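Thank you all for coming; I would like to take a few minutes to walk through a structure that may be new to some of you. Please take a moment with it on the screen before I begin.

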Amino acid sequence: MTDLFSKFDPLIQQRETLLATGVTDPYNLVMEKVISPTVAICNGRETILLGTYNYMGMTFDEDVIAAGKDALDKFGSGTTGSRVLNGTYQGHKECEDALKEFYAMDHAMVFSTGYQANLGIISTIAGKGDYVILDIDSHASIYDGCKMGDAEIVAFRHNDVDALEKRLKRLPADAGKLVVLEGVYSMLGDVAPLKEMIRVSKEAGAMVLVDEAHSMGFIGENGRGVAEAQGVLDDVDFVIGTFSKSVGTVGGFCVSNHPKFEIMRLVCRPYVFTASLPPSVVATAATSIRKLMHGSNKRAHLWENSKVLHKGLRDLGFQLGTDEPQSAIIAVIMPDLEQGAMMWEALLEEGLYVNLARPPATPAGMTLLRCSLCAEHSIDQVGEILGRFERAGKRVGIIS
Ligand SMILES: Cc1ncc(COP(=O)(O)O)c(C=O)c1O
């Protein structure tokens, strides 16, 4: 018998080598208690959270929590069914209405996760004989959506408008084409040049899908994302998003103005063949989305936090993923996985949680300490975060 697990041996070996150094397992942290969007108890210690996607700090919003409790009381704990059978409650419709209003678009479809939204939309709309043209650093859910569909896949260099244009020009003029982009790329926190990319895509007759997972709620005047900030939202055919980041719960969605969009509810397998979100979840999502429409003060504070942290880390001597702060994600580049894990642990001992990210999730084989800021981080907390980075960085020898 061939052991089907033997393909994982190199990863098992790498993990064992890392843990043999005595470092704490960075992928096994337990939050014993969560006190607020920015503070939790980890290993018995009060820890500042700088590695969640709770960008707008909605997880403890009073109205959001009240809406969830009310729906739990009135509609029960779950739907036990697919959206197309017994799994569409009033709350799912209200959530889709909130999304339509948030984006000012005609159609909204709620999925059980953002992963499933990408999986479903990409694999369903790009079929045999069509092409999906995607940034090489795209999220796993985009790649998996491509794998699940029958379209030809064409990747282009990260954020490179010329490379996208060249790829598009090589494709048959009359073939169906879907260009898939992200507003913010979550590893380095860099923003896509959507305006130029959408222009070349439209010139080549392609439809455009933009995943705004890491920008919804924060970027753009109304928090609609990078496409809004760059003035091109009207040219985007499909916006994908998630409730697991700024919205502060779980779920995914696609919004669109395409006149035939509603047919997706019958043909999109990751929408049809899975249970719908519990009523309490869609109630919290709808309430949160409606509050995010009026979140301009929070957006301004989050930008301030991002600027202060970026400058502070650079002044301390850390190498960062972007020259300027472009989003709520600030990536600190580590020399290698071992030193990255040591730095991650030193920060945790200081009472600061960040994400340790490594290949294959990261571009160019990089090890990153990914910091994601929250609109609920006070400016004092950001100062405290910088102090902890300085102490940990000197202890591990990343900075002098
Ligand atoms: C760009 C991007 N798209 C989609 C997803 C999936 O979102 P969800 O957590 O709702 O499955 C993520 C999650 O990390 C993401 O970063």
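Which space is the largest pocket? In this model, which I should say at the outset is a predicted one, the largest pocket is the space taken by the ligand, and that is where I would like to spend most of my time.

Around the ligand there are 14 residues, and those that come nearest are Gly114, Asp211, His214, Thr242 and Lys245. If we sort the residues of this shell by character, we find nine polar, three charged and two nonpolar. As for where they come from, helix α4, which runs over residues 114–125, gives the largest share of the shell, namely three residues.

Let me turn to individual contacts, each of which involves an oxygen atom of the ligand. For Thr242, an N or O atom in the side chain is 2.6 Å from a ligand oxygen, while for Gly114 the atom concerned is a backbone N or O, lying 2.7 Å from an oxygen of the ligand. His139 has a polar side-chain atom that lies 3.4 Å from a ligand oxygen atom. On its own the ligand has 390 Å² of accessible area, and the protein covers 85% of that.

Finally, a word about two strands. Strand β1, residues 31–36, pairs with strand β2, residues 39–42, in the antiparallel sense, over four bridges, and the two are joined by a hairpin through two residues. If you would like to find one of the partners on the screen, look at Met31, whose bridge partner in β2 is Cys42.

Terms used: Residues numbered from 1 in each chain as written. Predicted model: local features only at pLDDT ≥ 70, side-chain atom pairs only at ≥ 80, totals over all residues. Heavy atoms only, no water. Near = heavy atom within 4 Å. Polar contact = N/O pair within 3.5 Å; in protein donor to acceptor, adjacent residues only side chain to side chain. Areas by Shrake-Rupley, 256 points an atom, 1.4 Å probe, with all protein chains shown as cover. 1 Å grid on protein atoms, 1.4 Å probe; cavity = no way out; pocket = protein on both sides within 12 Å on 5 of 7 lines; lining within 4 Å. Sits in = over half its atoms within 2 Å of the grid points. Nonpolar A, V, L, I, M, F, W, Y, C, P; charged D, E, K, R; others polar. Pairing = 2+ DSSP bridges.
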